[in-house]
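Hi everyone, thanks for coming. I'd like to walk you through one structure today, so let's put it up on the screen.

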Amino acid sequence: MIKIAIYGKGGIGKSTISCNISAALARAGKRVMQIGCDPKADSTSLLHGGERMPTVLELTREKGVGKITLDDIVREGAFGVKCVEAGGPVPGLGCAGRGIINALETLEKLGAYEKYQPDIVIYDVLGDVVCGGFSMPMRKGYADKVFVVTSGEKMSVYAAANICMAVNNFKGRGYADLGGIILNKRGVDKEDEAAAQLAEDFKTSVIASIDRNTNIPFAEKHGMTVFEACYDTITRCQLEDTAKAVLACFGGAL
């Protein structure tokens, strides 16, 4: 089982890219599970027609600790992708990382990986703040590699550098390695150069690049992946190449 974590600054497109990587891998016959680790709980919405699904934290509050089942928290999305949303606290109250910790521990306790036997698990993680909770997917063996989504915008590169630094800080403890940078272009000057410099600073590489275009907003507007909404486009090809590049980091191929 391959386990990857996709991190990035809020709003940079990590959930859109995660859903489309899941779609590409599932279309190729892989069993895929995507776990949303963002308090907004919208990681998997493009795999559900744009609809938000109940989160592990919400269901735990509603039914009580120890009373939820895998059927409650795992929903099947487009192309058969198994979807989970960790959820978060009431806005303004509590620790946002709590939802992530609770979801990952609940999935383990309920035997989700044994039941669904995914070939690939994708953790989609908000990376503005790499606190203990948000760093859970890169610790304790949850993820093998971390991929960081960034544009060439200054704040996005800054957040990506923080995430890369966290991964490097954990490296000596046998946690997840840095898999590479995914450049989601926003049309700013010299963003290829900015991404390349970020990769060089952390001794990794830019494994994929996705051009700014109208196909992704179109697919999002209709609550679909690009594979469903805009198949015959360069965007679909670039997202498929991104999935191939991720698998290649593990010696695999689509």
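Let me begin with a question: is R186 buried, partly exposed or exposed? Keep in mind as we go that this is a predicted model. The answer is that R186 counts as partly exposed, because its relative accessibility comes to 26%.

Now to the partner of R186. Its side chain meets that of E153 in a salt bridge, with 3.8 Å from N to O. This pair links distant parts of the chain, 33 residues apart: R186 is in the loop between β7 and α7 (191-201), and E153 is in the loop between β6 (145-150) and α6 (154-171). E153 is partly exposed too, with a relative accessible area of 31%.

How many salt bridges are there in total? The count comes to 14. I'll pick out two others. D192 and K185 meet through their side chains at 3.2 Å, N to O. Here D192 is partly exposed at 41% relative accessibility, whereas K185 is buried, with a relative accessible area of 18%. K185 makes the buried class because the cut-off is under 20%.

The other one is between K40 and D38, whose side chains form a salt bridge at 2.9 Å, N to O. K40 is partly exposed, at 48% relative accessibility, while D38 is buried, with a relative accessible area of just 1%.

Next, please find strand β7, residues 177-184, where D177 has its place. D177 counts as partly exposed, with a relative accessibility of 33%. Which residues does D177 touch, leaving aside its neighbours within four places in sequence? They are D144, K145, V146, V167 and K171. As for F147, its C-alpha atom is separated from that of D177 by 9.0 Å, and the two residues are 30 apart along the chain.

Let's move to helix α2, residues 56-63. Which of its residues are buried? They are V56, L57, L59 and T60. Looking down the axis of α2, we see these buried residues fall within an arc of 165°, so they line one face of the helix. For anyone who wants the geometry behind that sort of pattern, an α-helix has 3.6 residues a turn, so residues three or four places apart point the same way. And what does the buried side of α2 pack against? The buried residues of α2 pack against α3 (70-73), β4 (82-85) and α4 (97-109). If you follow the chain just past α2, you reach G64, which takes a positive phi of about 100°.

My last topic is the cysteines. How many disulfides does a search of the whole structure find? The search finds zero. Take C83: the nearest cysteine sulfur belongs to C19 and is 7.1 Å away, and C83 is in no disulfide. C83 is buried, with a relative accessible area of 0%. C249 is in no disulfide either, and the nearest cysteine sulfur, that of C164, is 13 Å away. Unlike C83, which is buried, C249 is partly exposed, with a relative accessible area of 29%.

That's my tour. Before we finish, do turn back to R186 and E153 on the screen, the pair that links distant parts of the chain. Thanks for listening!

Definitions and conventions:
Residues are numbered from 1 along each chain as its sequence is written. This is a predicted model: local features need pLDDT of at least 70, side-chain atom pairs count only at pLDDT 80 or more; totals for chains, interfaces and linings use all residues. Side-chain values use heavy atoms; hydrogens and water are left out. Buried means under 20% relative accessible area, exposed over 50%, partly exposed in between (1.4 Å probe, protein chains only). Helices (H or I, at least four residues) and strands (E, at least two) are DSSP runs, numbered from the N terminus. The arc is that of the directions from the helix axis to the C-beta atoms. Contact means heavy atoms within 4.5 Å. A disulfide is a pair of cysteine sulfur atoms within 2.5 Å. A salt bridge is a side-chain nitrogen of Lys or Arg within 4 Å of a carboxyl oxygen of Asp or Glu.
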